[in-house]
Every structure is written in C-alpha cells, then in structure tokens.
Amino acid sequence: MCRTIEEFKEMTDDINTPMDEVARIIVETDEENPETLAVITQDDCETAQGLRVRMKPVYGDPAITIKGKRYEVINIRTKKGELIASISAENIIHENGYRVDMIPGGDGK
C-alpha cells in the first residue's frame with residue numbers, strides 16, 4: 001500500500017523520539033542524474049531554491065546524551081547500592097561528603 005507525503009506527515013506528527021545513528025539526510029530527485037534538493041543534519045539544513053525544511057525539536061524533559069544514547073537520569077551508587085549522587089540534565093543531587101564535578105569537553109561545551 002502506497003502512502004502520500006501528507007499521510008506520512010500526519011502519521012508521524014506525534015513522534016517525539018530523536019533519530020539515532022543518522023549523520024545526515026540527503027533529499028534528491030529520483031533520476032539517473034539526481035538533483036540534490038536538501039541536506040539535513042542534526043541542527044542545520046540547506047535546501048534548493050524554492051524549497052524549505054521544517055525541523056521538529058524533541059519536546060519534553062531534557063536528557064543527558066553520552067555516545068549517542070539518551071539517559072533521563074544517571075545514578076551513582078556505592079558497591080553496597082547506597083545512592084550517593086543523581087544527575088539529570090537539569091539537576092545534580094549528591095549526599096553530604098561527596099562531590100560531583102562537571103568537566104566540559106575539549107570544545108568547552
């Protein structure tokens with residue numbers, strides 16, 4: 001069964017999950033010598049004249065991303081299972097006597 005672009009757009013309107021393992025998307029014509037219509041990356045895009053690309057952000061609680069995997073919370077526990085720190089994208093909670101250092105990457109972010 002074939003679907004139209006409009007049907008597929010409607011089917012995917014409620015999707016709120018980020019795409020994984022995709023570095024970029026190239027949209028082109030289906031011809032022997034295809035014409036590139038758009039190039040889309042995680043945070044940018046470029047289109048042929050007369051076209052536009054709308055990017056839908058992921059809504060909801062922010063997450064921590066490590067090597068492409070998203071985590072809502074990272075809990076740090078002792079070997080006995082005692083919770084000593086809980087880290088989310090918005091908050092760091094730690095027990096007295098422990099310290100959590102956030103060290104930025106090489107690009108300063």
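In the predicted model, Lys9 has a relative accessibility of 42% and therefore counts as partly exposed, since this class lies between the limits of under 20% for buried and over 50% for exposed residues. Lys9 is engaged in a salt bridge with Asp13, in which the closest N and O atoms are 3.4 Å apart, a separation that falls within the 4 Å cut-off applied to such pairs. The partner, Asp13, is likewise assigned to the partly exposed class, because its relative accessible area is 38%. When the whole structure is searched, one salt bridge is found.

With respect to secondary structure, the chain comprises one helix and eight strands, and the order of these elements along the sequence is α-β-β-β-β-β-β-β-β. The radius of gyration of the chain is 21 Å, whereas the globule rule gives 13 Å for 109 residues, so the chain is more spread out than a compact globule. Along the principal axes, the box filled by the C-alpha atoms has dimensions of roughly 65 × 35 × 20 Å. Of the 109 residues in the chain, 7% are buried.

Charged side chains also form a negative surface patch, which consists of Glu28, Asp30, Glu31 and Glu35. Among these residues, Glu28 belongs to strand β1, which spans residues 25–28. Glu28 counts as partly exposed because its relative accessibility is 43%, a value that satisfies the requirement of over 30% relative accessible area for membership of a patch.

Two further positions illustrate how separation along the sequence relates to separation in space. Thr65 is located in strand β4, which covers residues 64–66, and its relative accessibility of 48% places Thr65 in the partly exposed class, for which the upper limit is set by the threshold of over 50% that defines exposed residues. Between Thr65 and Ala89, which are 24 residues apart along the chain, the distance from C-alpha to C-alpha is 9.1 Å. Gly105, in turn, lies in the segment after β8, the strand formed by residues 92–94, and is partly exposed, with a relative accessible area of 40%. For Gly105 and Ile93, which are twelve residues apart in sequence, the C-alpha atoms are 21 Å apart in space.

Definitions and conventions
Residues numbered from 1 in each chain as written. Predicted model: local features only at pLDDT ≥ 70, side-chain atom pairs only at ≥ 80, totals over all residues. Heavy atoms only, no water. Patch = residues over 30% accessible without salt bridge, like charges linked within 9 Å, V, L, I, M, F, W, Y side chains within 5 Å. Areas by Shrake-Rupley, 256 points an atom, 1.4 Å probe, with all protein chains shown as cover. Lys, Arg positive; Asp, Glu negative; His and termini not counted. Charge placed at Lys NZ, Arg CZ, Asp CG, Glu CD. Helix = DSSP H or I, 4+ residues; strand = E, 2+ residues; numbered from the N terminus. Buried < 20%, exposed > 50% of the residue type's maximum accessible area, 1.4 Å probe, protein only. Rg over C-alpha atoms; globule rule 2.2 N^0.38 Å.
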